[in-house]
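Biologist: Hello! Could you walk me through this protein, one question at a time?

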Amino acid sequence: KTSMASKNLFQNIVTGALLACAAMVAVSMVHREFFTPAQDGILTGQHVANWKDLAANRTPATGTAASPVTILDFSDYECPFCKSLEGKLRTLAAQQPGVIKIVRYEFPLTLAHPHAYEAALAGKCAAKQGVVGAFQTVVYQNNAKLGTLNWRDLAASAQVPNLDQFASCIAQKELASEVDADMAQGQRLGFTSTPMLVINGDVVSGDQSKETHAALVKRYAKG
């Protein structure tokens, strides 16, 4: 009986090991199906079919309607990774004029960042006057001080033309519905963190290296 029990135990161990190996092989095959080594850990495998619609009728921070690469940037002004990414993307866009169109979607993580929603609202109010990229840069440069700085002063630094109109827009929360709509769009896409990018429809997670983003832009620019 002891010998039989030992034999059964051995068989169970072998069977378990084989099943574990089979599972690992299956995961590896699925992994290779969706990712190339250069994309590993970058592309999520998610594709947003209506990405062109999401980019339409919004003032881009860089680029034009004809730019071959469109980046939808779901971001939070208090997120340090978003600050890092903004600088990398802006540099990359400057190095390739006309190639990259960056369209911002406000996605403030309000539970973690107490000033992010108001910052998003301020961004919408600046964009209402046609100031997008410059205001984003100024806010990110000061994102560790949000809550202590005056929005009007930041708007003046970004050369928002009508500061009274800008201040009123924030005080009256005129564009809160637009911030809420951006957040809802990110939630529909399943986003729970920032930064999240949608590059020509493909979802890219997190703040990657400048070289990684450059490689992705090159890939999409070629079509």
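**A pocket, two cores and a bond**

Modeller: Happily, and please keep in mind that this is a predicted model. Let us start with the largest pocket, where helix H4 gives the largest share of the lining, 5 residues.

Biologist: Which residues lie closest to the centre of the largest pocket?

Modeller: The largest pocket has a volume of about 290 Å³. Besides H4, the elements S3, H5 and H8 each supply at least two residues of its lining. Of the 18 lining residues, the closest to the centre are Arg58, Thr59, Arg104, Lys124 and Ala127.

Biologist: How do the residues of that lining divide into nonpolar, polar and charged?

Modeller: Each lining residue is put into a class by its type, with Asp, Glu, Lys and Arg counting as charged. For the largest pocket, the result is 7 nonpolar, 4 polar and 7 charged residues.

Biologist: Which residues have the most contacts inside the largest nonpolar core?

Modeller: This core has 26 residues. Helices H4 (116–128), H5 (133–141), H6 (151–157), H7 (163–171) and H8 (176–188) each give two or more residues to the core, and H4 brings the largest share, 6 residues. Inside the core, the residues with the most contacts are Phe135, Trp151 and Phe166.

Biologist: Which residues does Trp151 touch, not counting residues up to four places away in sequence?

Modeller: Two atoms count as touching here when they are heavy atoms within 4.5 Å. With the residues up to four places away in sequence set aside, Trp151 touches Glu118, Ala119, Ala122, Phe135, Val139, Leu146, Phe166 and Ile170.

Biologist: How many residues are in the other core?

Modeller: This other core lies apart from the largest one. Among its residues are Ala61, Ile71, Leu85 and Val99. The number in this core is 18 residues.

Biologist: Which cysteines form a disulfide?

Modeller: A disulfide is a covalent bond between the sulfur atoms of two cysteines. The structure holds 1 disulfide, and its sulfur atoms are 2.1 Å apart. The two partners are Cys125 and Cys169.

Biologist: How many residues apart in sequence are the parts that Cys125 and Cys169 tie together?

Modeller: The link has -80° about the S-S bond, which is left-handed, and both Cys125 and Cys169 are buried. Cys125 lies in helix H4 and Cys169 in helix H7, so the pair ties together parts whose separation in sequence is 44 residues.

Biologist: Is Cys79 buried or exposed? And is Cys82 buried or exposed?

Modeller: The cut-off to know is that a residue counts as buried under 20% relative accessible area. Cys79 has 3%, so Cys79 is buried. Cys82 has 2% relative accessibility, so Cys82 is also buried.

Biologist: Which residues is His113 in contact with, leaving aside its neighbours within four places in sequence?

Modeller: His113 sits in the loop between strand S3 (100–106) and H4. Its relative accessible area is 17%, so His113 counts as buried. Leaving aside the neighbours within four places, the contacts of His113 are Asp76, Glu78 and Cys79.

Biologist: Which residues line the largest cavity?

Modeller: Rolling a probe the size of a water molecule over the atoms shows where empty space is left. A search of the whole structure finds 1 cavity of 30 Å³ or more, and about 40 Å³ of space lies in the largest cavity. Helix H3 (residues 80–95) gives the largest share of the lining, 3 residues. The lining is made up of Asp73, Glu86, Leu89, Arg90, Ile102 and Gln136.

Biologist: How far apart in space are Ser209 and Ser84, C-alpha to C-alpha?

Modeller: Ser209 has its place in the loop between strand S5 (202–205) and helix H9 (210–221). At 29% relative accessibility, Ser209 is partly exposed. In sequence, Ser209 and Ser84 are 125 residues apart, while in space their C-alpha to C-alpha distance is 9.6 Å.

Biologist: To step back, what pattern does the protein chain follow along the sequence?

Modeller: The chain has 9 helices and 5 strands. Of its 223 residues, 43% are buried. Writing α for a helix and β for a strand, the pattern reads α-β-α-β-α-β-α-α-α-α-α-β-β-α.

How values were computed
Residues are numbered from 1 along each chain as its sequence is written. This is a predicted model: local features need pLDDT of at least 70, side-chain atom pairs count only at pLDDT 80 or more; totals for chains, interfaces and linings use all residues. Side-chain values use heavy atoms; hydrogens and water are left out. A nonpolar core is a set of buried Ala, Val, Leu, Ile, Met, Phe, Trp, Tyr and Cys residues joined through side-chain atoms within 4.5 Å. Buried means under 20% relative accessible area, exposed over 50%, partly exposed in between (1.4 Å probe, protein chains only). Helices (H or I, at least four residues) and strands (E, at least two) are DSSP runs, numbered from the N terminus. On a 1 Å grid over the protein atoms alone, a cavity is a set of points where a 1.4 Å probe fits but cannot get out, and a pocket is an open set with protein on both sides within 12 Å along at least five of seven lines; lining residues have an atom within 4 Å of a point. Grid points are joined across faces, edges and corners, and a volume is the space filled by probe spheres set on the points. A disulfide is a pair of cysteine sulfur atoms within 2.5 Å.
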